[in-house]
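User: I am new to this structure and would like to go through it by question and answer. Please keep the replies plain.

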Amino acid sequence: MRIIDADGHVAEGASLAGEAMRRWPRHIAPRTDGVGLVIEGHHYPEASGPGAGCPTGHGLTTAPGLNCRSAEGVLGDADRDHIDIMVLYPSLGLCTPTLRDPELAAGFARLYNQWVADYCASSSGRLRGVAVTPIELGRTAIDIMCEASDLGLVATHIPPALRTRNLDHPDLGPFYAAAVELDMALGVHGAPGMHLPKIGVDRFTNYLQVHCISFPFDQMTAMTALVSGGVFDRHPALRVAFLEAGAGWVPFFIDRLHEHFEKRGDWIEHGWQRDPHDYLAAGNILVTCEPEEPILPAVIDVLGDDFIMFASDYPHWDGDWPNSTEALRTRADIGEQSRRKIAELNAQRFYRLT
């Protein structure tokens, strides 16, 4: 059994930030405290105020021996954790959909995508990069996603919601059609303090409270838009992963969506045409799990095991590196078929890995 990490992260470090500052000195500068960046006048991450992000310097695990600053170091860390392939989502790169200047947003996306492709190139396929794109820029966003596919990136990040619109907005139709044509998976990933729309977390300024709320609320918002808004009916081959919120919320929320579809589904014009369970069965919806989740066997019992992928969240503080795969490999309350699907097969299918 191989283990594929469906949601790890790359720590971009000084090489990407330095090049970005060199190219766009009018828009990007170091923070006065020397930690992090100021982009278009905003701190990344913003560690104070409503929806606060992680205080800079505290985002990584404190487990001894972490070596996340180079591809070679990441591969060594993957070996320690029994991980064969890591799909790497951005860290700083998560800012891309929030950038307002079109030239900066497009240029930064292209810089990041080439950077992460180069980062993964020497890993013999064990590290696989995820692209970013300024999703609100229409044709430009599609062109950048096409270029990312040519670079060999295996998915494109999208935010849970846009600045003033949700993911079912009609203007995004060409973007989703292009993702289907490219056979490109989409990964919904939020990030506190990255100037994405605040969903419920505007009541909290403590990062830990924000972190508790933001990830599941973000994913519920995105799933509501894509499912009830009819996106999967208009693009039936679209594949979307809802990331870093675990799997325990999914049976509850799919059932909640089902009840609303059944009783008042026709209240949404141009919306869903099928029961929400059907999109799950069709492979439109996947989620990542934390393999030690106590409720995981019940999730499998209620909804099956074809939509769940293992994720480590490496190298962040809330992951369990170098022991993130231990529960997946050893827990006795998951059958061997389910274990292999969660560890390998579902991510292999979702990301089109060989």
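**Helix α8 and its surroundings**

Analyst: Let us start with one helix. The cover over the buried residues of α8 includes α6 (207-228), β9 (240-242), α9 (276-281), β10 (285-289) and α10 (296-303). The model is a predicted one.

User: Which residues of α8 are buried?

Analyst: A residue counts as buried when its relative accessible area is under 20%. In α8 the residues that meet this are Trp 249, Val 250, Pro 251, Phe 253, Ile 254, Leu 257 and His 258.

User: What length does α8 reach from its first C-alpha to its last?

Analyst: Helix α8 covers residues 249-264, which is 16 residues. At 1.5 Å a residue the expected span is 22 Å, and the helix comes close to that, reaching 22 Å.

User: Is Glu 244, in the loop before α8, buried or exposed?

Analyst: Glu 244 sits in the loop between β9 and α8. Its phi is positive, near 65 degrees, although the residue is not a glycine. Most residues other than glycine have a negative phi. With the cut-off for burial at under 20%, a relative accessible area of 13% makes Glu 244 buried.

User: Which residues does His 235 touch, not counting those up to four places away in sequence?

Analyst: His 235 is in the loop between α7 (231-234) and β9. Its relative accessible area is 12%, so His 235 is buried. Outside its sequence neighbours, His 235 touches Gly 173, Tyr 176, Ala 177, Val 180 and Asn 284.

User: What covers the buried residues of α2?

Analyst: The buried residues of α2 are Ala 71, Gly 73, Val 74, Leu 75, Asp 77 and Ala 78. Their cover includes β5, α3 (102-121) and β6 (127-131).

User: What is the relative accessibility of His 82, which follows α2?

Analyst: His 82 lies in the loop between α2 and β5 (85-89). Its phi is positive, about 60 degrees, and it is not a glycine. Partly exposed covers the range between 20% and 50%. His 82 falls there because its relative accessibility is 43%.

User: Where is Leu 94, and which residues is it in contact with beyond its neighbours within four places in sequence?

Analyst: Leu 94 belongs to the loop between β5 and α3. At 5% relative accessibility, Leu 94 is buried. Leaving aside neighbours within four places, the residues in contact with Leu 94 are His 157, His 189, Gly 190, Ala 191 and Met 194.

User: How many Å separate the C-alpha atoms of Leu 94 and Leu 167?

Analyst: Along the chain, Leu 94 and Leu 167 are 73 residues apart. In space their C-alpha atoms are separated by 17 Å.

User: Which residue does a cis peptide bond join to Tyr 44?

Analyst: Most peptide bonds are trans. The bond from Tyr 44 has omega of about -5 degrees and is cis. Its partner lies in the loop between β4 (42-44) and α2 (71-80). That partner is Pro 45.

User: What is omega for the peptide bond from Trp 321 to Pro 322?

Analyst: Pro 322 is placed in the loop between β11 (308-310) and α11 (326-330). The bond that leads to Pro 322 from Trp 321 is cis, and its omega is near 5 degrees.

User: What is Glu 344 in contact with, leaving aside neighbours within four places in sequence?

Analyst: Glu 344 is part of helix α12 (residues 336-351). With a relative accessible area of 5%, Glu 344 is buried. Its contacts beyond those neighbours are Met 1, Arg 2 and Ile 4.

**The chain as a whole**

User: How many helices and strands are there, and what percentage of the residues count as buried?

Analyst: The chain holds 12 helices and 11 strands. Of its 354 residues, the buried portion is 55%.

User: What is the radius of gyration of the chain?

Analyst: The C-alpha trace spans about 55 × 45 × 40 Å along its principal axes. A compact globule of 354 residues would have a radius of gyration near 20 Å. The value for the chain agrees with this, at 19 Å.

User: What percentage of contacts between residues at least 6 apart join residues at least 24 apart?

Analyst: A contact here requires heavy atoms within 4.5 Å. Among contacts in the chain between residues at least 6 apart in sequence, the portion joining residues at least 24 apart is 74%.

User: How far apart are the centres of the positive and negative side chains?

Analyst: The chain has 29 positive and 47 negative side chains. The centres of these two sets are separated by 2 Å.

Key
Residues numbered from 1 in each chain as written. Predicted model: local features only at pLDDT ≥ 70, side-chain atom pairs only at ≥ 80, totals over all residues. Heavy atoms only, no water. Helix = DSSP H or I, 4+ residues; strand = E, 2+ residues; numbered from the N terminus. Rg over C-alpha atoms; globule rule 2.2 N^0.38 Å. Buried < 20%, exposed > 50% of the residue type's maximum accessible area, 1.4 Å probe, protein only. Lys, Arg positive; Asp, Glu negative; His and termini not counted. Charge placed at Lys NZ, Arg CZ, Asp CG, Glu CD. Expected span 1.5 Å × (residues − 1).
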